[in-house]
Amino acid sequence: MIDPLPRTPAAPILLWLAGNGLRLTILAVPPVIAMIRDDLRLSATEVGLLSSIPPAMFAIAALGGSLLVARMGVTVALVGGLLLVAAGSALRGVAPNYPMLLAMTVVMSSGVAIMQPIMPTAVRQWLPQRIGFGTALYTNGLLVGEVLAVLLTAPVVLPLVGGDWRSSLIAWSVPIAIIAVA
């Protein structure tokens, strides 16, 4: 399916922002993991399981991303992945217990896993004459998303949300929702 958005002047910015969406919400957890552990009274095994879900889902759900591109096109599949990430992240913040936190982490991670195989196709369609540059853009966005979440959660986001780990996870879902709308 041909994407309705190829070759617009906004394509480089959108690729970079989508790259951010691949890691921002995942790496918002490590700075608050001790708070989550204490609040939900988690064992070390439960903390480890919570941390292992994203990479496991990257392997399991990535095929879905490839299939979605074929059926829906790059933009629709990419926006769908971003919306799953935003919804899963926000719902992690309201999860009343560990099983729900795990389930919403699966949802969020599935969105990321769906998006990952979409990105090379987005680059080929949106910047066909500059594939290397497009790949560098979304990869840089991914790396910046990793750094921003780890760097800003404790000193900026937590104070803004009253020190609540749940609200911080919800707060990190907002930029992802904005990226989806963009």
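This tour moves through a predicted model, from its nonpolar core to its salt bridges and a patch on its surface.

**The core**

Begin by selecting Leu15, Ile36, Leu78 and Trp126, the residues with the most contacts inside the largest nonpolar core, which has 53 residues. Next, colour the helices that give two or more residues to this core: α1 (11-21), α2 (33-40), α3 (44-72), α4 (74-94), α5 (98-115), α6 (118-126), α7 (131-160) and α8 (165-181). Of these, α5 supplies the largest share, 8 residues.

Then centre the view on Ile36. Leaving aside its neighbours within four places in sequence, Ile36 is in contact with Val29, Arg41, Leu42, Leu50, Leu101 and Trp165.

**The loop between α1 and α2**

Select Thr25, which lies in the loop between α1 and α2. Is Thr25 buried or exposed? Thr25 counts as buried, because its relative accessibility is 0%. Now display the residues around Thr25: beyond its neighbours within four places in sequence, it is in contact with Val85, Ser89, Arg92, Met108, Trp172, Ser173 and Ile176.

Stay in this loop and select Arg23, which is buried, with a relative accessible area of 14%. Add Glu146 to the selection; a salt bridge joins Glu146 and Arg23, with the closest N and O atoms 3.6 Å apart. Glu146 belongs to helix α7 and Arg23 to the loop between α1 and α2, so this pair ties together parts that are 123 residues apart in sequence. Unlike the buried Arg23, Glu146 counts as partly exposed, at 23% relative accessibility.

**The other salt bridges**

How many salt bridges does the structure hold? There are 3. For another of them, select Asp39 and Arg166, whose side chains meet at 3.4 Å, N to O. This pair links distant parts of the chain, since Asp39 is in helix α2 and Arg166 in helix α8, 127 residues apart. Asp39 is partly exposed, with a relative accessible area of 41%, whereas Arg166 is buried, at 18%.

Move next to Arg37 and Asp38, which also form a salt bridge, their closest N and O atoms being 3.1 Å apart. Arg37 counts as partly exposed, with 35% relative accessibility.

**The surface**

Finally, switch to a surface display and select Leu91, Val94 and Ile170. These residues form a nonpolar patch on the surface, and together they have about 230 Å² of accessible area. Within this patch, Val94 has its place in helix α4.

Notes:
Residues numbered from 1 in each chain as written. Predicted model: local features only at pLDDT ≥ 70, side-chain atom pairs only at ≥ 80, totals over all residues. Heavy atoms only, no water. Core = buried A, V, L, I, M, F, W, Y, C linked by side-chain atoms within 4.5 Å. Buried < 20%, exposed > 50% of the residue type's maximum accessible area, 1.4 Å probe, protein only. Helix = DSSP H or I, 4+ residues; strand = E, 2+ residues; numbered from the N terminus. Contact = heavy atoms within 4.5 Å. Patch = residues over 30% accessible without salt bridge, like charges linked within 9 Å, V, L, I, M, F, W, Y side chains within 5 Å. Areas by Shrake-Rupley, 256 points an atom, 1.4 Å probe, with all protein chains shown as cover. Salt bridge = Lys/Arg side-chain N within 4 Å of Asp/Glu carboxyl O.
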